Amino acid sequence: MGDESNRKSDPPPSQIVIARDEYPDELPIVALPERPVFPKVMVPVALESEDLKRLIKDVTKSSHRLVGLVLERTRDGGPSSGAPRSGPVDGEVYEVGVVAEVINVSTTDGEVTAVLSALDRMRIVRVVRQTPYMVAEVEYLQDKGAPSDELKAYTLAVINSIKELVTQNPLYKEQLSLLLSEGNLEEPGMLGDMAAFLTSAEPEALQGVLETLDVRRRLEKVLGLLKRELEIARLQSKIRDRIEERINEQQREFFLREQLKAIKQELGIEKEGKEAELDEFMARLETRSPTVEAKARIDDEMNKLRMLETSGSEYALTRNYLDWLTVLPWGVGSSGDVDLASARRVLDREHYGLSDVKERILEFIAEGILRGDFGGSIICLAGPPGVGKTSIGRSIAECLGRQFYRFSLGGMRDEAEIKGHRRTYIGAMPGKFLQALRVCETNNPVIMLDEIDKINASYQGDPAAALLEVLDPEQNRDFLDHYLDVRFDLSKVLFVCTANRLDTVPGPLLDRMEVIQLSGYLLEEKLEIARRFLLPKAVRNLKQKRSLISISRPAMRALVDGYAREAGLRNLEHQIKKIVRKCAVKIVEGKVDKVAIGAVQVEELLGPPLFTNESLFDEPRPGVVMGLAWTSMGGDTLFIEAKGVLSKGAAFKQTGQLGEVMIESSEIAYTYVRALCREEQCGYFDERFVHLHVPAGAVPKDGPSAGITMATALYTLAHGVAPKAHLAMTGELNLSGLVMPVGGIKEKLIAAKRAGAKEVILPKGNQPDFQQLPRSVRKGQKVHFVETFAEVLRLCIGREAVRLARRKRTAAPKSTSQPRA
């Protein structure tokens with residue numbers, strides 16, 4: 001060894017250490033897993049392995065009681081993270097470490113711990129043996145470097161950094177006091193070791209400080225570690241201050257709230273949560289008059305709520321149930337004065353046309369005024385889409401001065417939507433009717449049941465059957481909701497239902513309703529509605545003046561006749577909006593300031609018309625007759641066509657997606673006309689395959705009102721006579737030749753008027769229905785009432801035309817050039 005190994009180190013005043021010249025040449029080695037130990041530092045070492053316990057035991061029996069402490073390497077070259085051990089293979093530990101004296105060995109709860117005091121640096125020269133523990137030949141190292149101003153400057157910098165570190169984190173002060181008891185910080189080398197030991201640097205960085213013998217360079221490395229430690233300490237301080245500030249703010253807010261709550265309780269301003277809710281429920285009952293049954297249930301639930309803890313699940317269920325019991329309008333109703341004249345003004349202001357519907361509503365209101373009660377009635381507004389059913393229901397509520405609530409029944413499958421869910425289910429709630437009463441806050445609102453013809457039954461129940469109790473005036477005064485489980489009086493509610501078609505509404509449900517039919521609008525009515533309501537509404541949506549866009553009357557007529565012939569107004573409104581949008585583009589682009597639409601511009605803006613006047617009116621031909629039909633969309637016209645082809649025998653076929661009833665009507669018409677032709681000695685059907693077709697084959701059709709139309713088409717085909725132009729007809733035919741009455745007369749007449757028919761043939765049995773129609777529907781057409789098919793033929797083609805056609809057919813030679821089926 002060199003000279004530095006022969007020099008002695010100065011022992012600290014509180015401890016007598018072995019002189020350097022008395023250090024042994026060989027030392028047992030203990031490998032430390034986490035971080036190196038610096039001289040003049042006392043550390044505890046847990047003795048977990050048997051080899052390590054044996055090593056310490058042998059050392060304590062020796063005269064010098066010294067061991068070597070070195071940092072253990074991992075396989076990747078870094079420090080290990082396991083427990084201290086003895087006897088690692090050569091190369092698994094760093095060469096430079098410290099020599100330490102075993103001060104004490106103690107056992108606590110079965111765990112053996114040795115307290116070691118590090119003395120000086122040492123370096124492993126070579127490994128003497130590995131078993132039973134590692135023993136190595138070592139040399140002892142000494143600090144290098146003479147005192148200088150630069151060294152003094154580094155020393156002061158390290159001391160200042162330590163002071164600043166102590167101010168940032170008080171924990172460093174305790175560690176520093178412990179280290180001062182072990183060594184003297186006035187020595188620069190020892191100062192560097194103590195400062196490095198204070199930091200939480202990486203083991204490799206600390207090992208680099210331990211291996212640096214030059215004191216100036218050691219202090220330089222330590223100073224870098226201290227600066228990094230200061231940054232970490234400052235960051236920790238900021239985080240700590242931020243968390244403490246947040247906690248202090250929360251604590252301050254909590255204390256203030258508690259003080260405020262205590263002050264309010266003292267003054268009687270506020271009570272605890274449960275008491276406040278109970279007071280709220282009691283306050284609601286002061287403005288309501290629940291039934292005896294409901295009052296008893298409310299009292300029971302309140303007593304139950306007082307006994308429950310607010311944190312329990314039963315508390316929330318009981319509280320929600322009490323909320324519903326006390327919020328319903330028990331005995332609370334609208335008491336507005338109803339005036340028939342003001343009701344008429346409301347209906348005329350909101351709706352143009354529909355005079356028969358408005359008259360029926362005024363009759364209902366007048367009856368209620370005399371009776372003093374409007375409840376117990378169920379009105380059903382039936383008609384095609386877009387004729388104003390929902391808006392009429394809203395106008396009824398306005399006329400009566402009542403709240404209005406609407407919900408749709410379309411697609412409803414679960415009867416719990418009507419009668420509520422039982423409280424045993426999670427998320428249970430009352431049915432739609434009690435929800436409506438809660439929103440309206442009165443027990444006599446106008447409730448609209450929209451799309452009542454589209455209710456569906458499923459495995460969850462039949463909502464239509466559940467509605468029977470609701471819509472029956474004799475039963476709904478004791479309506480029992482499954483959730484509420486207390487009877488509530490719905491007899492004061494005015495129910496208004498809407499439907500597109502009545503054949504899908506269950507019979508028992510339909511019996512409880514007063515049906516008001518809305519057939520649709522005439523061309524003149526649509527023109528006025530578009531001018532008064534639809535066009536101003538579309539321009540108003542642009543937030544511009546009404547005069548910005550105008551449509552002339554001829555243009556509006558072309559719009560209605562060519563693009564919106566349906567019974568309702570929705571398509572007409574869509575077309576007007578489309579025109580307004582196109583005009584808005586021109587205005588925004590700066591091309592025009594105002595837009596005036598004429599008849600010519602309508603086709604330019606909307607494209608070719610969707611509907612055109614049928615050319616069959618102008619050129620009638622045998623086998624083609626216009627019939628009238630009723631659909632859920634309103635009345636419609638059908639051109640029924642018949643064609644015959646020579647064949648070996650008689651045959652008959654129908655096409656056009658006809659339903660069973662229309663197929664039966666066509667077969668009756670074929671049989672009757674064929675028999676009639678036999679009587680007239682016309683054998684047209686005996687050698688021909690006859691094909692009857694109803695156009696628009698993609699649309700399913702059915703109904704009993706096309707019998708005389710089919711028979712007329714077959715008869716004119718057989719005799720080669722064209723029917724009268726601009727003539728439409730409807731009626732059912734039986735095998736005796738009698739014309740039977742049909743339904744939907746108003747809708748069919750409106751459809752005939754839209755199509756331009758000037759004459760209409762109706763069954764004699766429908767004459768009373770025709771007389772009840774508004775004058776606006778009856779005027780403008782010549783209507784004929786017939787009882788037999790002979791009358792139909794006389795009006796359609798005339799008897800002279802039949803005789804002439806028969807003579808021509810008899811005189812004409814038979815042609816064999818016609819195709820055969």
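# Exercises on a predicted model

In strand E25, His 784 is the bridge partner of Ile 761. The model is predicted, so local features need pLDDT of at least 70 and side-chain atom pairs count only at pLDDT 80 or more, while totals for chains, interfaces and linings use all residues. Residues are numbered from 1 along each chain as its sequence is written, and side-chain values use heavy atoms, with hydrogens and water left out.

**Exercise 1. Determine how strand E25 is paired and whether it is buried or exposed.**

Solution. Step one concerns the terms: helices (H or I, at least four residues) and strands (E, at least two) are DSSP runs numbered from the N terminus, and two strands pair if DSSP finds at least two bridges between them. Step two applies them: strand E24 (residues 759–763) runs parallel to E25 and is joined to it by five bridges. Step three turns to burial, where buried means under 20% relative accessible area, exposed over 50%, and partly exposed in between (1.4 Å probe, protein chains only). Four of the five residues of E25 (residues 782–786) are buried, so the strand is largely enclosed by the rest of the structure.

**Exercise 2. Describe the surroundings of strand E13.**

Solution. Begin with burial: six of the six residues of E13 are buried, so the rest of the structure largely encloses this strand. Next, separate the two faces. Leu 494, Val 496 and Thr 498 point one way, and Phe 495, Cys 497 and Ala 499 point the other way, all of them buried. Then identify the neighbours. Strand E8 (residues 378–382) pairs with E13 in the parallel sense over five bridges, and strand E10 (residues 446–450) pairs with E13, also in the parallel sense, over four bridges. Finally, locate Phe 495 in this arrangement: Phe 495 is the bridge partner of Ile 378 and also of Ile 447.

**Exercise 3. Characterise the second largest pocket by volume and lining.**

Solution. Rolling a probe the size of a water molecule over the atoms shows where empty space is left. On a 1 Å grid over the protein atoms alone, a cavity is a set of points where a 1.4 Å probe fits but cannot get out; a pocket is an open set with protein on both sides within 12 Å along at least five of seven lines; lining residues have an atom within 4 Å of a point. Grid points are joined across faces, edges and corners, and a volume is the space filled by probe spheres set on the points.

The second largest pocket has a volume of about 740 Å³. Its lining holds 28 residues, with His 351, Gly 386, Gly 388, Ser 391 and Leu 569 nearest the centre. Two or more lining residues come from each of helix H12 (389–400), strand E13 (494–499), helix H17 (523–540) and helix H19 (570–588). H12 gives the largest share, six residues.

For the chemical classes, Ala, Val, Leu, Ile, Met, Phe, Trp, Tyr, Cys and Pro count as nonpolar, Asp, Glu, Lys and Arg as charged, and the others, Gly among them, as polar. The lining then divides into nine nonpolar, eight polar and 11 charged residues.

**Exercise 4. Analyse the second largest cavity in the same manner.**

Solution. The count comes to three cavities of 30 Å³ or more. The second largest cavity has a volume of about 70 Å³, and its lining includes Gly 353, Asp 356, Glu 525 and Lys 746. Helix H11 (355–371), helix H23 (745–755) and helix H25 (775–778) each supply at least two lining residues. By class, the lining comprises five nonpolar, four polar and three charged residues.

**Exercise 5. Place Glu 528 and state its contacts.**

Solution. Glu 528 belongs to helix H17. Its relative accessibility is 11%, and Glu 528 therefore counts as buried. With contact meaning heavy atoms within 4.5 Å, and residues up to four places away in sequence not counted, Glu 528 touches Tyr 352, Phe 533 and Arg 553. The C-alpha atoms of Glu 528 and Gly 353 are 9.1 Å apart, although 175 residues separate the two along the chain.

**Exercise 6. Compare the backbone and exposure of Arg 65 and Lys 543.**

Solution. Arg 65, not a glycine, has a positive phi of about 55°. Arg 65 lies in the loop between helix H1 (50–61) and strand E3 (66–71) and is partly exposed, with a relative accessible area of 25%. Lys 543 likewise has a positive phi, near 60°. Lys 543 lies in the loop between H17 and strand E15 (549–551) and counts as exposed at 76% relative accessibility.
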